Amino acid sequence: MQTISLLQPMCFPSFRRLGVKPDKGMRMEERTLFQLSRQTLVERGNLNSLFLRPLKHQSLFSMLNSTDGPVLSSVGEDSSVNNSPMLETETWFSKWSPPSYLWRGLSVPILAGQVIIRTLKGKVHWRNTLQQLKRAGPKSVGVCLLTAAFVGMAFTIQFVREFTRLGLNRSVGGVLALAFSRELSPVVTSVVVAGRIGSAYAAELGTMQVSEQTDTLRVLGTNPVDYLITPRVIACCVALPILTLMCFTISMASSALLADGVYGVSINIILDSAQRALRSWDLISAMIKSQVFGAIVAIVSCSWGVTTMGGAKGVGESTTSAVVLSLVGIFIADFALSCLFFQGAGDSLRNCA
């Protein structure tokens with residue numbers, strides 16, 4: 001088999017578009033006029049008239065034929081594509097984009113900084129803030145108190161049984177009060193708020209982002225951070241400490257009632273032990289924790305909402321991810337704050353023993 005390769009000229013102008021057909025017998029005046037018109041078109045940028053045909057390689061292959069001899073067949077290749085390594089590298093980097101979890105994670109501290117700056121400047125939509133505060137506070141009281149009551153009774157069953165066998169009935173109230181004030185009340189309240197309020201924030205802002213309502217706010221001259229995000233963050237930071245104190249009270253009340261009714265430990269003993277063990281710093285630390293947890297829930301949920309893409313499916317994924325990341329952030333922050341607030345050996349139970 002023989003191979004014959006023929007290469008066409010690199011490029012040539014399309015004279016049909018110029019309306020002039022060059023000929024060998026063309027007179028000098030006609031050739032001069034043709035060159036001037038061609039130069040004028042190039043200077044004016046009329047590239048359509050002087051469009052150069054793309055470079056093509058045309059290969060001819062000879063195939064053996066038993067009857068008529070070799071038969072030539074042509075295969076055309078478009079060589080207009082440049083296979084330069086430098087261009088391939090530039091194309092690869094130009095098409096590269098960071099993973100979604102990376103830039104969405106970076107949006108959290110950026111959004112938090114914007115909220116802090118806008119709040120310090122006083123650019124807060126107060127009417128929207130009051131609406132979000134009503135939603136995060138009074139409308140969340142029922143589910144928070146119900147959860148706190150059953151959590152308190154569950155812990156009472158575990159503590160009272162063991163402490164009664166050891167003869168430490170007077171220490172039961174102090175242990176429950178410390179557990180509820182330092183850990184359980186802030187964490188349980190924040191988890192409930194993350195499931196109820198955080199998911200709603202992510203779904204609402206995600207729907208607004210997908211339907212381009214946030215762009216409409218920008219067109220109208222309203223900053224979405226001032227109108228949508230800052231009121232939600234302030235509402236969560238204000239409502240959660242109040243909900244935490246209410247949950248702590250309900251937890252202690254349900255624990256005292258269960259201990260008195262089932263295990264025979266008097267309510268007065270439970271409350272007296274709790275009063276001896278508790279200090280003012282225990283309640284202050286609970287409020288500080290709840291404020292931090294509220295900020296984490298609001299900022300993470302809003303960040304995941306405003307970075308939603310992909311329609312209804314993207315809204316559902318953003319809502320789920322916002323709740324999960326909020327819970328993880330709550331537990332990590334709880335560990336860090338507990339290590340910061342309560343270091344060394346404690347003597348709170350010594351007073352109630």
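Ala, Val, Leu, Ile, Met, Phe, Trp, Tyr, Cys and Pro count here as nonpolar, Asp, Glu, Lys and Arg as charged, and the others, Gly among them, as polar. Keep that sorting in mind for the pocket below. You are looking at a predicted model, where local features need pLDDT of at least 70, side-chain atom pairs count only at pLDDT 80 or more, and totals for chains, interfaces and linings use all residues. Residues are numbered from 1 along each chain as its sequence is written, and side-chain values use heavy atoms, with hydrogens and water left out.

**Stop 1: the largest pocket**

Select Leu 111, Gln 114, Arg 218, Ile 229 and Val 306. The largest pocket has a volume of about 240 Å³, and of its 15 lining residues these five are the closest to its centre. On a 1 Å grid over the protein atoms alone, a pocket is an open set of points with protein on both sides within 12 Å along at least five of seven lines, while a cavity is a set where a 1.4 Å probe fits but cannot get out; lining residues have an atom within 4 Å of a point. Grid points are joined across faces, edges and corners, and a volume is the space filled by probe spheres set on the points.

Now colour helix 4, helix 8 (213-219), helix 9 (224-262) and helix 11 (280-306), the elements that each give two or more residues to this lining. Helices are DSSP runs (H or I, at least four residues), numbered from the N terminus. How do the lining residues of the largest pocket divide? Seven are nonpolar, seven polar and one charged.

**Stop 2: around Arg 218**

Stay with Arg 218 and add Asp 215. Their side chains meet in a salt bridge at 3.0 Å, N to O; the term means a side-chain nitrogen of Lys or Arg within 4 Å of a carboxyl oxygen of Asp or Glu. Both residues belong to helix 8, three residues apart, about one turn of the helix. Asp 215 is partly exposed, with 33% relative accessibility. For this label, buried means under 20% relative accessible area, exposed over 50%, and partly exposed in between (1.4 Å probe, protein chains only).

Just before this helix, pick Glu 212, in the loop between helix 7 and helix 8. Its phi is near 65°, a positive value in a residue other than glycine. Is Glu 212 buried or exposed? Glu 212 is exposed, at 51% relative accessible area.

**Stop 3: salt bridges across the chain**

The model has eight salt bridges by this rule. Show Arg 118 and Asp 226, which pair at 2.6 Å, N to O. Arg 118 is in helix 4 and Asp 226 in helix 9, 108 residues apart, and the pair links distant parts of the chain. Arg 118 counts as buried at 18% relative accessibility, and Asp 226 counts as buried at 12%.

Next, select Lys 289 and Glu 183, whose side chains meet at 3.0 Å, N to O. Lys 289 lies in helix 11 and Glu 183 in helix 7, so this pair ties together parts that are 106 residues apart in sequence. Lys 289 is buried at 0% relative accessibility, whereas Glu 183 is partly exposed at 27%. Before you move on, show Arg 135, Glu 204 and Arg 232 together: salt bridges link them in a network.

**Stop 4: the cavity**

There is one cavity of 30 Å³ or more, and about 50 Å³ of space lies in it. To find it, select its lining: Ala 148, Val 151, Phe 180, Leu 184, Ser 185, Val 188, Thr 189, Cys 247 and Ser 251. Helix 6 (141-165), helix 7 (172-210) and helix 9 each give two or more of these residues. Which helix gives the largest share of the lining? Helix 7 does, with five residues. The lining divides into six nonpolar residues, three polar and no charged.

**Stop 5: two pairs of C-alpha atoms**

Tyr 263 lies in the loop between helix 9 and helix 10 (267-277) and is partly exposed at 29% relative accessibility. Draw a line from its C-alpha to that of Thr 164: the separation is 8.5 Å, although the two are 99 residues apart along the chain.

Val 324, in helix 12 (residues 311-341), is partly exposed with a relative accessible area of 45%. Its C-alpha is 9.9 Å from that of Ser 301, 23 residues away in sequence.
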